[in-house]
Amino acid sequence: AEGVIDKHTRVLELIAAYRNRGHLMADTDPLRLDPARLHSHPDLDVLSHHLTLWDLDREFNVGGFASHDKMKLRDVLGVLRNAYCRTMGIEYTHILDPEQREWLQNRIEVPHTKPAVAEQKYILSKLNAAEAFETFLQTKYVGQKRFSLEGAETVIPMMDAVIDQAAEFALDEVVIGMPHRGRLNVLANIVGKPYKQIFTEFEGNMNPKASHGSGDVKYHLGSSGTYIQMFGDNDITVSLTANPSHLEAVDPVLEGLVRAKQDLLDKGQDGFTVLPMLLHGDAAFAGQGVVAETLNLAQLRGYRTGGTVHIIVNNQVGFTTAPEYSRSSEYCTDVAKMIDAPIFHVNGDDPEACVRVAKLAVDFRQRFGKDVVIDMICYRRRGHNEGDDPSMTQPQMYDVIDSKRSVRKSYTEALIGRGDISLDEAEAALRDYQGQLERVFNEVRELEKYIAEPSPSVLEDQTLRTSLVTAIDPTLVQRIGDAHLGFPEAFTVHPRVKPVLERRRKMSRDGGVDWAFAELLAFGSLVYEGRLVRLSGQDSRRGTFSQRHSVLIDRQDESEYTPLSNLGGDKGGKFLAYDSALTEFAGLGFEYGYSVGNPDALVLWEAQFGDFVNGAQSIIDEFISSGEAKWGQRSNVIMLLPHGHEGQGPDHTSGRIERFLQLCAEGSMTVAVPSTPANYFHLLRRHAYDGIHRPLVVFTPKSMLRNKAAVSPVADFTDNKFRSVMQDPHFATGGGGDRNAVTKVLLVSGKLYYELAAKRDKENITDTAIVRLEQLYPLPRRRIREALEAYPNATVFRWVQEEPGNQGAWPTIGLALPDLLPDLLGSLQRVSRRPMSAPSSGSSKVHAVEQHEVIEAAFG
Ligand code: ACO
Ligand code: MG
């Protein structure tokens with residue numbers, strides 16, 4: 001009897017083993033490159049579980065498995081193999097929540113009925129369309145790069161099924177992010193971009209006036225359309241966002257874009273009615289760190305989107321590199337286990353399984369608000385691009401591929417074999433589709449041809465608005481001050497934060513407004529005026545420098561109070577401040593996407609220290625600085641980058657002004673270094689109202705946050721506006737200085753101004769004026785001239801910066817200013833640290849000596 005009890009337990013173990021490891025024996029590879037894996041695996045062998053062939057027909061207690069109390073071992077194995085070892089391998093037992101596991105089990109451990117004939121025909125029609133589109137391009141555009149989908153055509157019916165299921169749930173939109181492979185096919189067959197437009201772009205025949213700026217290659221462009229259900233009554237918007245060649249960089253951008261759309265729809269806690277669908281390549285999903293960064297955002301309050309459907313087009317190669325050389329993990333999807341996502345490995349040669357898993361993925365997302373990963377294993381019929389020969393690097397694999405029939409053919413044959421359709425029907429459908437393409441192709445050929453010309457500039461696409469009023473009413477200043485003391489009676493403010501709040505109220509009356517309060521005045525006034533303000537970054541709610549306190553935490557119970565949230569009123573304004581994950585790449589990418597998704601929001605991303613922004617360099621290069629020129633994709637995202645030489649060492653000093661200025665052209669972004677709280681306030685408000693959708697980079701202060709000289713009177717907020725150039729107050733009206741005595745003019749940005757002014761005042765220097773350049777790009781040439789011409793006897797003009805000579809504004813401005821104002825600044829001199837390979841010295845003492853030298857040299 002003991003032995004029997006033991007065997008009952010063994011059977012339960014076997015069931016658990018299949019649930020855990022059944023995927024290791026699943027028939028998921030259409031190339032069957034490793035035939036051994038289909039036959040056995042030690043974990044799944046009855047013998048390893050101390051059962052024998054004699055046990056197959058014995059009944060065991062199975063404790064409710066497959067809705068049975070007792071089952072024959074043979075039947076148990078039948079259910080397990082059908083569920084876990086056919087053309088789909090499933091990983092889900094890593095999920096910690098029992099409810100989710102059980103939900104999946106109930107969907108998986110059941111017999112699958114094949115789809116109705118109408119549905120089969122529909123799947124086939126999608127495969128026809130996918131294959132015919134590629135064949136057509138292949139014959140018409142011989143040798144041109146198109147990154148074909150051949151070998152992965154099933155992704156078309158799979159995506160179609162995701163969208164169909166999203167429509168079934170009456171969601172509002174599906175937004176797709178994907179890399180280049182198969183993109184044209186997706187544009188044509190999923191998004192419904194007109195063939196005519198696709199072919200026109202292929203002809204290289206873009207109307208220069210219809211495209212934006214310098215443009216991008218055809219397989220990067222985005223589009224949107226409406227999907228109408230074939231077997232249901234719903235329709236749904238589908239869009240594909242533009243992407244760069246940098247694989248996976250679009251991931252966080254897509255999530256931000258979707259979140260912005262969801263926030264705009266504002267359907268509350270469960271209102272994740274915009275579905276993000278991200279396509280990935282196998283090598284990129286395992287290799288690119290931004291994948292993990294983006295996955296890590298999936299459940300965070302400021303970032304969640306209710307679950308993303310990830311589809312990996314796993315063609316088992318990355319350009320020329322085989323999986324064993326491109327990842328250390330068993331599956332390319334292993335990184336997704338960290339967020340407890342179910343992972344479905346499915347054979348791309350089984351379109352019905354692919355469609356089934358697509359619907360299951362959407363159902364799971366809708367039920368649990370979580371990401372789902374589908375790993376569609378397929379192959380790449382051709383080389384990385386159409387001119388490449390993959391047999392140089394994967395000869396054996398390509399011998400197999402060359403002998404393979406397409407999934408359209410094999411599925412057609414399967415349907416004919418099952419008697420579901422006739423051969424004639426199948427061929428007629430394909431011919432019909434090819435005929436359509438042919439007609440459009442001929443039309444495009446007839447179109448007028450454009451002669452290639454140099455690309456147009458985007459400079460004039462958005463025109464500056466002048467005479468904008470950014471000042472606010474004194475009563476609003478006071479109201480924002482009061483909001484900081486407007487917490488509920490029962491709220492216990494931290495004893496060290498209370499005085500800050502009291503000071504804010506006082507500043508709103510008496511002036512002496514510091515940087516942090518000026519910023520809150522900008523945010524608060526915008527919220528009051530009905531705008532959505534979204535701020536995120538590492539520690540941004542309190543502020544890295546303990547300056548912002550935009551969200552207060554109750555000292556007793558950790559409840560939250562957000563003063564600016566009181567200002568929204570009935571105009572719908574919102575202040576949303578989030579501490580981000582410790583990421584730059586995904587963090588900034590998300591905010592960029594958000595700003596694209598909601599063009600009216602003021603979206604700010606803050607680097608903890610400006611230095612760390614280079615972790616997001618791909619987002620800056622590929623999206624922020626060039627997205628408009630490449631795709632006409634506009635963003636007014638704001639980057640706040642704490643910057644300043646303060647002796648904190650090379651990695652806590654520089655927001656890399658030089659790099660941003662180098663990227664600026666055609667009015668692509670604004671780069672500013674405001675030196676007073678009020679000027680920062682006006683800069684933010686100008687950005688919110690100027691109607692220009694272009695990014696803004698602000699180098700923000702650290703020590704200046706607490707500099708008693710760097711405060712602004714209330715009048716500067718209730719009058720005034722952003723000053724791109726600040727005249728030396730010493731020589732302004734009422735300043736007391738004699739302009740005629742000035743022979744030297746120092747041009748400077750940022751906190752160094754206060755250090756220069758302090759020396760000038762202390763030593764009573766009368767021959768030198770200090771003019772601040774507050775906007776580094778676009779250069780306010782008229783204002784600079786105006787400021788400099790105030791000194792008729794000035795002959796020496798110096799650009800003074802604390803950054804090393806190869807860094808800061810000088811490398812750009814040192815060339816641009818003499819060019820712009822040759823009569824005045826033709827022999828502009830530089831005063832700075834020597835060119836250095838690191839941003840600063842590591843020692844605060846050396847820093848102090850060098851800083852002193854710069855200040856001395858400025859006046860010397
Ligand atoms: N974003 C929004 N408004 C701006 C910007 C900007 N980046 N730059 C200047 N302005 C506004 C100012 O607020 C100001 O308005 P106001 O007259 O109501 O005060 C007006 O333009 C003039 O700016 P000034 O600071 O007085 O500077 P100046 O007249 O010396 O120079 C400009 C203007 C644009 C800075 C100069 O470089 C120029 O004329 N460039 C050619 C056109 C150009 O670069 N356009 C870029 C358009 S979009 C963009 O830059 C983000
Ligand atoms: Mg690949």
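Domain bounds here come from an automatic or database domain assignment. Keep that in mind as you open the structure, which is a predicted model.

**Stop 1: the domains**

Start by colouring the chain by domain. You'll want four colours: domain 1 covers 2–86, domain 2 is made of 123–142 + 161–446, domain 3 runs over 474–717, and domain 4 takes in 725–859. Now pick out domain 1 and domain 4 together. Taken over C-alpha atoms, their centres are 78 Å apart.

**Stop 2: the two cores**

Next, select Leu-73, Phe-133, Ile-176, Phe-199 and Ile-311. These are the residues with the most contacts inside the largest nonpolar core, a set of 103 residues. Where does this core lie with respect to domain 1 and domain 2? It lies between them, because both domains give residues to it.

For another core, select Val-250, Leu-576, Tyr-578 and Leu-817. They are included in a second, separate core, this one of 76 residues. As a general point, nonpolar side chains in soluble globular proteins tend to be buried together.

Zoom in on Ile-311 and show what surrounds it. Leaving out residues up to four places away in sequence, Ile-311 touches Val-155, Met-158, Met-159, Val-162, Met-277, Leu-278, Leu-279, His-280 and Ile-374.

**Stop 3: a magnesium ion**

Stay in this stretch of the sequence and select ligand 2, a magnesium ion. Which residues coordinate it? Asp-282 does so through OD, Asn-315 through OD1 and Val-317 through O, at 2.1 to 2.2 Å. Along the sequence, these donor residues follow the spacing D-x32-N-x1-V. If you switch on a surface, note that Asn-315 and Val-317 are both buried.

**Stop 4: helix H9**

Select 250–265, which is helix H9. Try putting a distance between its end C-alpha atoms: they are 23 Å apart. With 16 residues at 1.5 Å a residue, H9 should span 22 Å, so the two values agree. H9 is mostly covered, too, with 13 of its 16 residues buried. Step just past the end of H9 and you reach Asp-266, which takes a positive phi of about 50°.

**Stop 5: salt bridges**

There are 55 salt bridges to find in this model. Here are a few to look at.

Begin with Lys-267 and Asp-172, whose side chains meet in a salt bridge at 2.6 Å, N to O. Lys-267 sits in the loop between H9 and strand S7 (274–281), while Asp-172 is in the loop between H6 and strand S4 (173–177), so the pair ties together parts that are 95 residues apart in sequence. Lys-267 counts as partly exposed, at 45% relative accessibility, and Asp-172 is partly exposed as well, at 28%.

Move on to Glu-150 and Arg-382, which form a salt bridge at 2.7 Å, N to O. Glu-150 is in the loop between helix H5 (117–140) and helix H6 (155–168), and Arg-382 is in the loop between strand S10 (372–377) and helix H14 (395–402), so this pair joins parts that are 232 residues apart in sequence. Buried or partly exposed: which is Glu-150? Glu-150 is buried, with a relative accessible area of 9%, whereas Arg-382 is partly exposed at 26%.

Then jump to Arg-685 and Glu-529, meeting at 3.0 Å, N to O. Arg-685 belongs to helix H24 (residues 677–689) and Glu-529 to the loop between helix H19 (515–528) and strand S11 (532–537), so the link spans parts 156 residues apart in sequence. Arg-685 is buried at just 3% relative accessible area, while Glu-529 is partly exposed at 28%.

Finish with a group: select Lys-114, Glu-352, Arg-418 and Asp-420 to see a network of salt bridges.

**Stop 6: backbone oddities**

Most residues other than glycine have a negative phi, and most peptide bonds are trans. Three places are worth a click with that in mind.

Ala-66 has a positive phi of about 50°. Find Ala-66 in the loop between strand S1 (59–61) and strand S2 (70–72), where Ala-66 is partly exposed at 23% relative accessibility.

Glu-666 also has a positive phi, near 55°. Glu-666 lies in the loop between helix H23 (657–663) and strand S17 (670–672).

Last, select Tyr-777 and Pro-778: the peptide bond from one to the other is cis, with omega near -10°. Pro-778 is in the loop between strand S22 (775–777) and helix H27 (781–788).

Note on methods
Residues are numbered from 1 along each chain as its sequence is written. Chains are lettered from A and ligands numbered from 1 in the order in which they are written. This is a predicted model: local features need pLDDT of at least 70, side-chain atom pairs count only at pLDDT 80 or more; totals for chains, interfaces and linings use all residues. Side-chain values use heavy atoms; hydrogens and water are left out. Donors are N, O and S atoms within 2.8 Å of the metal (3.2 Å for Na, K and Ca); water is not among the atoms, so sites may look incomplete. Buried means under 20% relative accessible area, exposed over 50%, partly exposed in between (1.4 Å probe, protein chains only). A nonpolar core is a set of buried Ala, Val, Leu, Ile, Met, Phe, Trp, Tyr and Cys residues joined through side-chain atoms within 4.5 Å. Contact means heavy atoms within 4.5 Å. A salt bridge is a side-chain nitrogen of Lys or Arg within 4 Å of a carboxyl oxygen of Asp or Glu. Helices (H or I, at least four residues) and strands (E, at least two) are DSSP runs, numbered from the N terminus. The expected span of a helix is 1.5 Å times one less than its number of residues.
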